[in-house]
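The exercises below are to be worked with the sequence and the structure side by side. Each one sets a task and is followed by a solution that goes step by step.

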Amino acid sequence: DDFEAVSEVDVDHGQGCNMSFRKEAIEAAGGFDIRFGGSAFLEETDACLRVKRVGFRIRFDPEAVLIHLKDPTGGCRPKNPSDWFWWYGHNYMLLLRKHLSWYTWPGFILFRGVNMMLGAWRARSPLIILQGLKGMLAGLTA
């Protein structure tokens, strides 16, 4: 998240809206996992971790320039807050299952659950958290 960094450095992962991969690196890692649906949240984190696992580096270069063309419609936008909460829960649990050790699960799940409760409170829709919890369960079995 630190786009103010002044030197090149290896990182664990980057934000998907500001990254690119060498074709051979992403192919060696098996491509993108299409189970990261909805807004594709965490798809890039998963891809980065797998690219590193097969021996490539993830590099932050502060001199790199990106022009992000943002279309007002389409892409990976959720249709409504309920969909967003479902995919948020789903994609976090999928990432957890794929990359984190079992002993980190309780803290991770607790943190994400609290984060969803705060999001539901900010959205003034407390019942929307049920969608997030359903997504979490789906992500554990995806």
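**Exercise 1. Place F32 in the chain, decide whether it is buried or exposed or partly exposed, and list what it touches.**

Solution. The model is a predicted one, and the first step is to find F32, which lies in the loop between α1 and α2. The second step is to classify its accessibility: because the relative accessibility of F32 is 39%, and the partly exposed class runs between 20% and 50%, F32 counts as partly exposed. The third step is to list its contacts, and once neighbours within four places in sequence are left aside, F32 is in contact with F21, I26, E43, A47 and R50. As a distance check, the C-alpha atoms of F32 and D46, which are 14 residues apart along the chain, are separated by 8.1 Å.

**Exercise 2. Describe the overall make-up of the chain: which elements does it have, and in what pattern do they follow one another?**

Solution. Counting the elements gives five helices and two strands, and reading along the sequence puts them in the pattern β-α-α-β-α-α-α. For the overall dimensions, the C-alpha atoms fill a box of roughly 45 × 40 × 25 Å, taken along the principal axes. Of the 142 residues of the chain, 29% count as buried. Turning to contacts between residues at least 6 apart in sequence, one finds that 74% of them join residues at least 24 apart.

**Exercise 3. Identify the residues in the loop between α1 and α2 that have a positive phi without being glycine, and state whether they are buried or exposed.**

Solution. It helps to begin from the general expectation that most residues other than glycine have a negative phi. Against that background, A40 has a phi near 65 degrees, a positive value in a residue other than glycine, and L42, likewise not a glycine, has a positive phi of about 80 degrees. A40 is found in the loop between α1 and α2, and L42 lies in that loop as well. For accessibility the cut-off is 20%, under which a residue is buried; A40 therefore counts as buried at 10% relative accessibility, and L42 counts as buried because its relative accessibility is 8%. A further positive phi, near 105 degrees, belongs to G55, which follows α2.

**Exercise 4. Work out which residues of α2 are buried, what they pack against, and where E44 fits among them.**

Solution. The buried residues of α2 are E44, T45, D46, A47, C48, R50 and V51, and they pack against α1 (23-28) and α3. E44 has its place in helix α2, and it is classed as buried because its relative accessible area is 17%, where buried means under 20%. Not counting residues up to four places away in sequence, E44 touches G14, Q15, G16 and M19. The C-alpha atoms of E44 and R22, by contrast with those contacts, are separated by 14 Å, and the two residues are 22 apart along the chain.

**Exercise 5. Characterise the largest pocket by its volume, its lining and the elements that contribute to it.**

Solution. The volume comes first: about 1,600 Å³ of space lies in the largest pocket. Its lining is made up of 46 residues, of which G14, Q15, G16, N18 and M19 lie nearest the centre. The elements that give two or more residues to this lining are α2 (43-53) and β2 (59-60), and α2 gives the most, with five residues. By class, the lining has 23 nonpolar, twelve polar and eleven charged residues.

**Exercise 6. Analyse the packing of α3 with α5, and then follow L96 within it.**

Solution. Helix α3 (residues 81-99) and helix α5 (residues 129-141) pack at an angle of about 35 degrees, their axes being 6 Å apart, and α3 passes α5 in a right-handed crossing. On the α3 side the residues in contact include F85, W86, M93 and L96, while those on the α5 side include M136, A138 and L140. The residues of this contact divide into eight nonpolar, eight polar and two charged. L96, whose place is in helix α3, counts as buried because its relative accessibility is 0%. Residues up to four places away in sequence being left out, L96 touches T104, W105, F108, I109 and L140. L96 and G37, finally, are 59 residues apart in sequence and 15 Å apart in space, C-alpha to C-alpha.

How values were computed. Residues are numbered from 1 along each chain as its sequence is written. This is a predicted model: local features need pLDDT of at least 70, side-chain atom pairs count only at pLDDT 80 or more; totals for chains, interfaces and linings use all residues. Side-chain values use heavy atoms; hydrogens and water are left out. Axes are lines fitted to C-alpha atoms, for helices over the stretch in contact, and angles run from 0 to 180 degrees between N-to-C directions. Helices (H or I, at least four residues) and strands (E, at least two) are DSSP runs, numbered from the N terminus. A crossing is left-handed if the near helix is turned anticlockwise from the far one by less than a right angle, and right-handed if clockwise. Contact means heavy atoms within 4.5 Å. Ala, Val, Leu, Ile, Met, Phe, Trp, Tyr, Cys and Pro count as nonpolar, Asp, Glu, Lys and Arg as charged, and the others, Gly among them, as polar. On a 1 Å grid over the protein atoms alone, a cavity is a set of points where a 1.4 Å probe fits but cannot get out, and a pocket is an open set with protein on both sides within 12 Å along at least five of seven lines; lining residues have an atom within 4 Å of a point. Grid points are joined across faces, edges and corners, and a volume is the space filled by probe spheres set on the points. Buried means under 20% relative accessible area, exposed over 50%, partly exposed in between (1.4 Å probe, protein chains only).
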